[in-house]
Amino acid sequence: MNQKTLIAPSVLSANFLNLGADIQMINQSQADWFHVDIMDGVFVPNLSFGFPVMEALKKEAQKPLDVHLMIVEPDRYISRFVETGASHISVHAEACPHLHRSLQNIRQQGVKAGVALNPHTPNQILEHVGEELDLVILMSVNPGFGGQKFIENTLRKTENLAEWRSKHGYSFLIEIDGGVNAGNAKSLVDAGADVLVAGNFVFSSSNPSQTISELKGLF
Ligand code: DX5
Ligand code: ZN
């Protein structure tokens, strides 16, 4: 039982022909954050959107913008994402040869710093940056696309990360990203997750706002 589980609908699955309506739906729903997926076609085999959409989100969104950078050389763009209203910025460990520096760079600009790990990347890569973390995103699909199937091993990975966090007294949040639905949400929270991203499950449902409430009601 975790009363504080946060739900972050992924804008990637919103209707771009009517993005304003979907932003308002999230504003008025029980969702906690907007999850914003930025893809560069190099780190992941897909492109999503960039600063024009971030600017639009910044104007309308009334909840924190949780920016997930699936891009190479993310340090080049941190300050622009800060300017366009990000509350959290997460970089991929696999894309950062100087991860410690990247995290410090984000925090120094007044934004919460996160690291995302691909499904095959061990939690242990974080061993020496525990103090620098506000958020860890465990990818429960291979990044690049919404609507993929949840990778079950993420449950063990979540437990392992939560144990390490508690052993050292770290305070970062654990976020699960990819294939989250009402069938796996509770076990993820029981394993130690604090934030659940939901794209396809929310936006392909007939009543997205109600689906968000259903997810919130599981905990
Ligand atoms: C995947 C993205 C996810 C995605 C989640 O590359 O990082 O945030 O939008 O979407 P669903 O919930 O549909 O798997
Ligand atoms: Zn994401």
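Entry 1, terms. I call a residue buried when its relative accessible area is under 20%, exposed when it is over 50%, and partly exposed in between. Arg 107 has a relative accessible area of 32%, so I noted Arg 107 as partly exposed. The model I am reading is predicted.

Entry 2, Arg 107 and its partner. I looked up what Arg 107 pairs with, and found a salt bridge to Asp 134, with the closest N and O atoms 3.0 Å apart. Arg 107 sits in helix H4, residues 99-108. Asp 134 is in the loop between strand S5 (112-117) and strand S6 (135-139). The two residues are 27 residues apart, and I wrote the pair down as a link between distant parts of the chain. Asp 134 has 19% relative accessibility, which is under 20%, so Asp 134 counts as buried.

Entry 3, other salt bridges. How many salt bridges are there? I got a count of five. One of them joins the side chains of Asp 32 and Lys 216, at 2.8 Å from N to O. Asp 32 is in the loop between helix H1 (19-28) and S2, and Lys 216 is in helix H8 (residues 208-217), so this pair ties together parts that lie 184 residues apart in sequence. I also checked Asp 194 and Arg 165, whose side chains meet in a salt bridge at 2.9 Å, N to O. Asp 194 is in the loop between helix H6 (185-191) and strand S8 (195-198), while Arg 165 is in helix H5, residues 154-168. They are 29 residues apart, and this pair too links distant parts of the chain. I found both Asp 194 and Arg 165 buried.

Entry 4, a lysine with no salt bridge. I went to Lys 63, in the loop between helix H2 (51-60) and strand S3 (65-70). Lys 63 is buried but has no salt bridge. Which side chain of opposite charge is nearest to Lys 63, and how far away is it? It is Asp 32, at 6.8 Å. A salt bridge needs the nitrogen and the carboxyl oxygen within 4 Å, so I did not enter this pair as one. Asp 32 has its salt bridge with Lys 216 instead, as in Entry 3. What I did find for Lys 63 is that its side chain reaches the backbone oxygen of Asn 27 at 3.2 Å. Leaving aside neighbours within four places in sequence, I listed the contacts of Lys 63 as Ile 26, Asn 27, Ser 29, Gln 30, Ala 31, Asp 32, Trp 33 and Phe 34.

Entry 5, the zinc ion. Which protein atoms hold the zinc ion (ligand 2) as donors? I noted His 35 (NE2), Asp 37 (OD), His 68 (ND1) and Asp 177 (OD), at 2.1 to 2.3 Å from the ion. Along the chain these donors have the spacing H-x1-D-x30-H-x108-D. His 35 is in strand S2 (residues 34-39) and His 68 is in strand S3, 33 residues apart, and I recorded the pair as linking distant parts of the chain. Why is the arrangement octahedral? The six donor atoms around the zinc ion subtend angles of 70 to 171°, and that makes it octahedral. His 35 is at 0% relative accessibility and therefore counts as buried. His 68 also has a relative accessible area of 0% and is buried.

Entry 6, Asp 177. I looked at this zinc donor separately. Asp 177 belongs to strand S7, residues 173-177. At 7% relative accessibility, Asp 177 counts as buried. Its side chain makes polar contacts with the side chains of two other donors: His 35 at 3.2 Å and His 68 at 3.1 Å. Not counting residues up to four places away in sequence, Asp 177 touches several residues, among them Asp 37, Ile 137, Met 139 and Val 197. I also took the separation of the C-alpha atoms of Asp 177 and Ala 116, which is 9.1 Å for residues 61 apart along the chain.

Entry 7, two leftovers. I found a positive phi, near 45°, at Glu 73, a residue other than glycine. Glu 73 is in the loop between S3 and helix H3 (78-83), and at 46% relative accessibility it counts as partly exposed. Ser 166 is in helix H5. Is Ser 166 buried or exposed? At 59% relative accessibility, Ser 166 counts as exposed. From C-alpha to C-alpha, Ser 166 and His 88 are 22 Å apart in space, and they are 78 residues apart in sequence.

Note on methods: Residues are numbered from 1 along each chain as its sequence is written. Chains are lettered from A and ligands numbered from 1 in the order in which they are written. This is a predicted model: local features need pLDDT of at least 70, side-chain atom pairs count only at pLDDT 80 or more; totals for chains, interfaces and linings use all residues. Side-chain values use heavy atoms; hydrogens and water are left out. Buried means under 20% relative accessible area, exposed over 50%, partly exposed in between (1.4 Å probe, protein chains only). Lys and Arg count as positive and Asp and Glu as negative; His and the chain ends are not counted. A polar contact is a pair of N or O atoms within 3.5 Å; within protein, one must be able to donate a hydrogen and the other to accept it, and residues adjacent in sequence count only if both atoms are side-chain atoms. Contact means heavy atoms within 4.5 Å. Donors are N, O and S atoms within 2.8 Å of the metal (3.2 Å for Na, K and Ca); water is not among the atoms, so sites may look incomplete. Four donors count as tetrahedral if all angles lie between 85 and 135 degrees; four count as square planar and six as octahedral if opposite donors are over 155 degrees apart and all others between 65 and 115; anything else is irregular.
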